[in-house]
Amino acid sequence: MALLRRVGLPLLLLLLLAVRCGAVRNCHPSCHCEVENFGLFDSFSLTRVDCRGVGPGVSMPVAIPLDTAHLDLSSNDMGQLSDAALAGPGYTTLISLDLSSNKIAKISPSALSKLRYLESLDLSYNALESLPPSCFSGLPLAEVDLSHNAFREFDMAVFAAKVNGEPVSVDLSHNRLASVSATLHGRALNIQSVNLSVNQLVNVPSMAGLTLRYLNLDANPIAKIKKGAFAQLKDLVYLSLSGLGELREIEPHSFKDLQNLQVLDLSNNSELKRLSPAVFCGLDSLQELNLSGSGVTTLPTNMLSHLPRVKSITLGQSIHCWRTQKQGQYHRQTGQVRHDEELHCDVEGIVL
Ligand SMILES: *[C@@H]1O[C@H](CO)[C@@H](O)[C@H](O)[C@H]1NC(C)=O
Ligand SMILES: *[C@@H]1O[C@H](CO)[C@@H](O)[C@H](O)[C@H]1NC(C)=O
Ligand SMILES: *[C@@H]1O[C@H](CO)[C@@H](O)[C@H](O)[C@H]1NC(C)=O
């Protein structure tokens, strides 16, 4: 407090926020290293190393400063990730690592095992078809990008070996996935977000046992969504099922377990022509329904009784409907003003 009185609050804030960058020891000549100092008297520092495109000739592990927090090794033609490639000094403190665009086709089982603080891993734009089952063992991962690879099947159980119970977000979009599973044998798996868009899935994969909040299945060749497809996903808040070019049918009660779902994107499903009211059973929290660009042009009558919380529905090309309250009517018996709610659309002649 004495210090605060002497230097004054603005100066103290300035000291706390000051970021200084200086020359860095042990930086590979082809890389760009930067130390950011912050905190009072620069008591904290964070080293960021950029070794993008330093070339296929460079020997791994690339020399990086001790206590590096963020490392970008993208576009280096690494081909395969050996056990030694990431085992140098400075690697154990990494919080984020970018290995994208490296033509990596294979990761050896212990290649990542030294990265005990790694939270964010980018392996996008590689040639991966599989991962060793225990390659994430002991890592505190929170974000893993595996998009734009060559996976045909994927078992979410690979994330069961990571440490701490922190939730992880996984991007598996733009692969060739025909099958996604989660062989958990009773283990819990705290995965909060899975992006499976642009794959070859013909069915909604079973995600039972995952604590998912976000799921994206856009642009897959799914023709039919079956009753119980989203069983046990009671934490799901956001579900995207857009651009399913072959989707013709959603069975009644398909979304029954999704009692916490707030956003359902069914847009751009041109072959989907009708929806029975029972499709919406159980969507007690749904606020936003997007049917724009789908073949569905009218909605089941009495929509609000099926979707008690809905605020906005989009359909057709750009027809937007939202919840409104009818003129309040004085109710003689209860002595209260009763508000009847209805859906109001910005186009005449919509039957709801
Ligand atoms: C999922 O992947 C698609 C396609 O790559 C992308 O457009 C979308 O933003 C991703 N969603 C999230 C939440 O990352
Ligand atoms: C609609 O879906 C198709 C098929 O998945 C996709 O190619 C197209 O880009 C989507 N259009 C929009 C506007 O999202
Ligand atoms: C509905 O989906 C379309 C196409 O994917 C998108 O352009 C539009 O912004 C969405 N509307 C709402 C209200 O989310």
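**Entry 1: ligand 1**

I count a residue as near a ligand if its C-beta atom, placed from the backbone, lies within 6 Å of it. With that in hand I looked up ligand 1 in this predicted model. I found S147, D171, S173, H174, N195, S197, V198 and N216 around ligand 1. I then sorted this shell by class: six residues are polar, one is charged and one is nonpolar.

**Entry 2: ligands 2 and 3**

I moved on to ligand 2. Its surroundings are A219, G243, G245 and N268. Three residues of the ligand 2 shell are polar, one is nonpolar and none is charged.

Which residues surround ligand 3? I listed S242, S267, N268, N290, S292, G293 and T314. The seven residues in the shell of ligand 3 are polar, with no nonpolar and no charged residues. I noted that N268 appears around ligand 2 and also around ligand 3.

**Entry 3: the chain as a whole**

I stepped back to the chain. I counted 23 strands and three helices. The chain has 352 residues, and 34% of them are buried. I also checked contacts between residues with a separation of 6 or more. Of these, 55% join residues 24 or more positions apart.

**Entry 4: confidence**

How confident is the predictor, on average, over the chain? The mean pLDDT is 86, and 87% of the residues score at least 70. I marked residues 1-7, where the pLDDT is below 50. Beyond near neighbours in sequence, residues 1-7 have three contacts in the model. I marked residues 11-22 as well, again with pLDDT below 50. Residues 11-22 have 16 contacts beyond near neighbours in sequence. Low pLDDT means that predicted coordinates should not be read in detail. I therefore leave the details of such stretches alone.

**Entry 5: the nonpolar core**

I looked for the largest nonpolar core and found 82 residues in it. Those with the most contacts inside this core are L115, L172, I191, L212, L236, L258 and L261. Four elements give two or more residues to the core: β10 (168-171), β12 (191-195), β18 (288-292) and β19 (312-316). As a general note, nonpolar side chains tend to be buried together in soluble globular proteins.

I picked L258 from that list and traced its contacts. Leaving aside neighbours within four places in sequence, L258 is in contact with F230, L233, L236, L239, G282 and L283. One of these, L236, is also on the list of residues with the most contacts inside the core.

**Entry 6: strands β1, β2 and β3**

I followed the strand pairing from β1 to β3. Strands β1 and β2 run antiparallel and are joined by seven bridges. Across this pair, E34 stands opposite R48 in β2. The two strands form a hairpin with five residues between them. In the turn, G39 has a positive phi of about 90°.

Do β2 and β3 run parallel or antiparallel? They run parallel, and four bridges join them. One bridge pairs T47 with T68 in β3.

**Entry 7: backbone oddities**

I checked the backbone for unusual angles. Most residues other than glycine have a negative phi, and most peptide bonds are trans.

F41 goes the other way, with a positive phi near 55°. I placed F41 in the loop between β1 (32-38) and β2. Is F41 buried or exposed? F41 is exposed, because it has 9 other C-beta atoms within 10 Å.

Q232 also has a positive phi, about 70°, and is not a glycine. Its loop runs between β14 (224-225) and β15 (238-240). Q232 has 15 other C-beta atoms within 10 Å, so it is partly exposed.

Then I found a cis peptide bond, from M60 to P61, with omega near -5°. P61 sits in the loop between β2 (44-50) and β3 (68-72).

**Entry 8: V263**

My last lookup was V263, in strand β17 (residues 263-265). Why does V263 count as partly exposed? It does so because it has 17 C-beta neighbours inside 10 Å, and a buried residue needs 20 or more. Not counting residues up to four places away in sequence, V263 touches Y238, Q287 and E288. I also took the C-alpha to C-alpha distance from V263 to S312. These two are 49 residues apart in sequence and 9.8 Å apart in space.

Definitions and conventions. Residues numbered from 1 in each chain as written. Chains lettered and ligands numbered in written order. Predicted model: local features only at pLDDT ≥ 70, side-chain atom pairs only at ≥ 80, totals over all residues. Nonpolar A, V, L, I, M, F, W, Y, C, P; charged D, E, K, R; others polar. Buried ≥ 20, exposed ≤ 12 C-beta atoms within 10 Å, placed from the backbone. Contact = placed C-beta atoms within 7 Å. Core = buried A, V, L, I, M, F, W, Y, C linked by C-beta atoms within 7 Å. Pairing = 2+ DSSP bridges. pLDDT = per-residue confidence, 0-100.
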